[in-house]
Amino acid sequence: MSKKRILIVDDDTYSRESIAAQLDEQYEVDQAENGDQGLAKLEESDFDVILSDIRMPGMSGLDFLERVTVTRPEARVLMITAFGEIGNAVDAMRKGAYDYLIKGEVKGEELIVRIERALENQELRRENTRLKSELGKRFSFGNMVGKTKVMEELFEMVESVAQSRSTVLINGESGTGKELVARAVHYNSPRANKPFIKLNCAALPQDLIESELFGHEKGAFTGAVKQVKGRFELADGGTLLLDEISEIEPPLQAKLLRVLQEREFERIGSGTTIKVDVRIVATTNRNLRDEIEKGNFREDLFYRLNVIPVQMPDLRERKSDVVHLAEFFLERYNQENDKSISGFSEKAMEVLMSYDWPGNVRELENYIERAVVICKEPQVTESHLPLEILTGEPRTASSGGGITVGTTVREMEKQLILKTLESCDGNRTNAADTLGISSRTLRNKLHEYGMSGIFKKGGNGIAETEAETADEE
Ligand SMILES: Nc1ncnc2c1ncn2[C@@H]1O[C@H](COP(=O)(O)OP(=O)(O)OP(=O)(O)O)[C@@H](O)[C@H]1O
Ligand SMILES: [Mg+2]
């Protein structure tokens, strides 16, 4: 084993040399004459224990200590103080010193014992940190269920990519767990203690996305009453999740490209360039290559994002996980609802296994939550499961406005879009306004739900064609 490293910081040459002489057989010892020199040595290499005089010309021992606790929190610092100045030493302990030695009194074997004690403490702290990070690991994968080979491979991949700073692009159907994976990437990375910031690009109009991303100065536009930091700034040192990235339009895509390339940008209305260290994770439920083909997505941006592609498997491709997920959610909603339902009847499980899961894990989670809430028996049976999964037929659109538990978010969204379009006589621009989404998003959603053709001709004769909608861009 290599020798432990010790740094002695003291302006008094005699005292420094004499301590060094007592230690240099057992340890690797280096010396510094003052705080500045000490910090410089710490920049160059690591030390396990630092002995520092309290009283020094220039930077005081206490100031030096304060710097060390920030830059080298692992190092144990022992302060050297004159007899009669113990008060200073107590101050130092409060500021993070591990121990103190009285000048000229602590020597020989006693000195070694005190240093060994500091080293032991350091070892313990290291071990604790390691255990904690392992716990963190288990926790962050602990809430992702998957025993199938694809999922196990995915977990392994996430764990290893988390260590890097490379951009991750997660592609998958709605409800497959894209956001969970994004979080796992962050919380398993060296950035775990720094912010995880998310922006849902589908939820906001373009100009708002821009100001959310980059921030703005006071007066940059009407309504900009004060300076606001953007999410890139907020995420500095951490991770930024750009959810549903395909919903960003080409002009903003160009600006995003620059940040990805240069790691710098300006707030809206400001000429000052801001540099950030942000790891980007983006998600999409569209195939971005198709979007490139259609001219909706910049190819150069795609390549910047697609450094580490992660493909989320659909739930129907990993049916055996349905059992584990169902049990996992049963446990979760048992706890949440103070119930103790023990499991699923054979028939209920059969039904769950034979369903196609268009809404993936989220849909399953919704159904189990619903089942737990309504179930009064010791077991979930098929009577607690919604009709469409029993028949395999998706629920037909009800004309009433009521919301039934068990309806997927996707289905709700589809119904809401249809109803809004109806009430706007098929005018997509008005419907998009009413829904608070862009025409582009609306068009994409109609396409996604296979409803593109339905409202091409407005009910009151307002004709809207694909070409016209495309003109808006
Ligand atoms: N492997 C999994 N284990 C446990 N829970 C999961 C898993 N995958 C997804 N979930 C749960 O399913 C729900 C949907 O997951 P998530 O929000 O990550 O999906 P998504 O792919 O981002 O969906 P969308 O595209 O609709 O935003 C969440 O409640 C999440 O906790
Ligand atoms: Mg999501």
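This report describes the overall form of one predicted protein model and then examines a strand, a ligand site and a single residue.

## Overall form

The chain contains 20 helices and 16 strands. Its C-alpha atoms fill a box of roughly 95 × 60 × 35 Å along the principal axes. The radius of gyration of the chain is 31 Å, whereas a compact globule of 473 residues would have a value near 23 Å.

Of the 473 residues in the chain, 30% are buried. Among contacts with a separation of 6 or more, 67% are between residues that lie 24 or more positions apart.

## Strand β3 and its neighbours

Strand β3 comprises residues 49-53 and is mostly covered, with 5 of its 5 residues buried. The side of the strand to which each residue points can also be stated. Val49, Leu51 and Asp53 point one way, while Ile50 and Ser52 point the other way, and all are buried.

Two strands are paired with β3. Strand β1, residues 5-9, runs parallel to β3 and is joined to it by 4 bridges; within this pairing, Ile8 stands opposite Leu51. Strand β4, residues 76-81, also runs parallel to β3, and 5 bridges join these two strands. Here Asp53 of β3 has Ile80 of β4 as its bridge partner. Helix α3, residues 61-71, forms a right-handed β-α-β unit together with β3 and β4.

## The surroundings of ligand 1

Ligand 1 is surrounded by 16 residues, of which the closest are Ser174, Gly177, Lys178, Glu179 and Val361. The elements that contribute two or more residues to this shell are α7 (178-187) and α15 (360-374).

What is the division of the shell around ligand 1 into nonpolar, polar and charged residues? There are 5 nonpolar, 7 polar and 4 charged residues in the shell.

## Leu252 in helix α10

Leu252 belongs to helix α10, which spans residues 250-262. Why does Leu252 count as partly exposed? The reason lies in its number of C-beta neighbours: Leu252 has 18 inside 10 Å, whereas a buried residue needs 20 or more and an exposed one has 12 or fewer.

Leu252 also meets residues from elsewhere in the sequence. When neighbours within four places in sequence are left aside, Leu252 is in contact with Gln206, Ile209 and Glu210. In addition, Leu252 and Asp207 are 45 residues apart along the chain, and their C-alpha atoms are separated by 8.7 Å.

Technical notes. Residues numbered from 1 in each chain as written. Chains lettered and ligands numbered in written order. Predicted model: local features only at pLDDT ≥ 70, side-chain atom pairs only at ≥ 80, totals over all residues. Pairing = 2+ DSSP bridges. Right-handed = clockwise from strand over helix to strand, strands pointing away. Rg over C-alpha atoms; globule rule 2.2 N^0.38 Å. Contact = placed C-beta atoms within 7 Å. Near = placed C-beta within 6 Å. Nonpolar A, V, L, I, M, F, W, Y, C, P; charged D, E, K, R; others polar.
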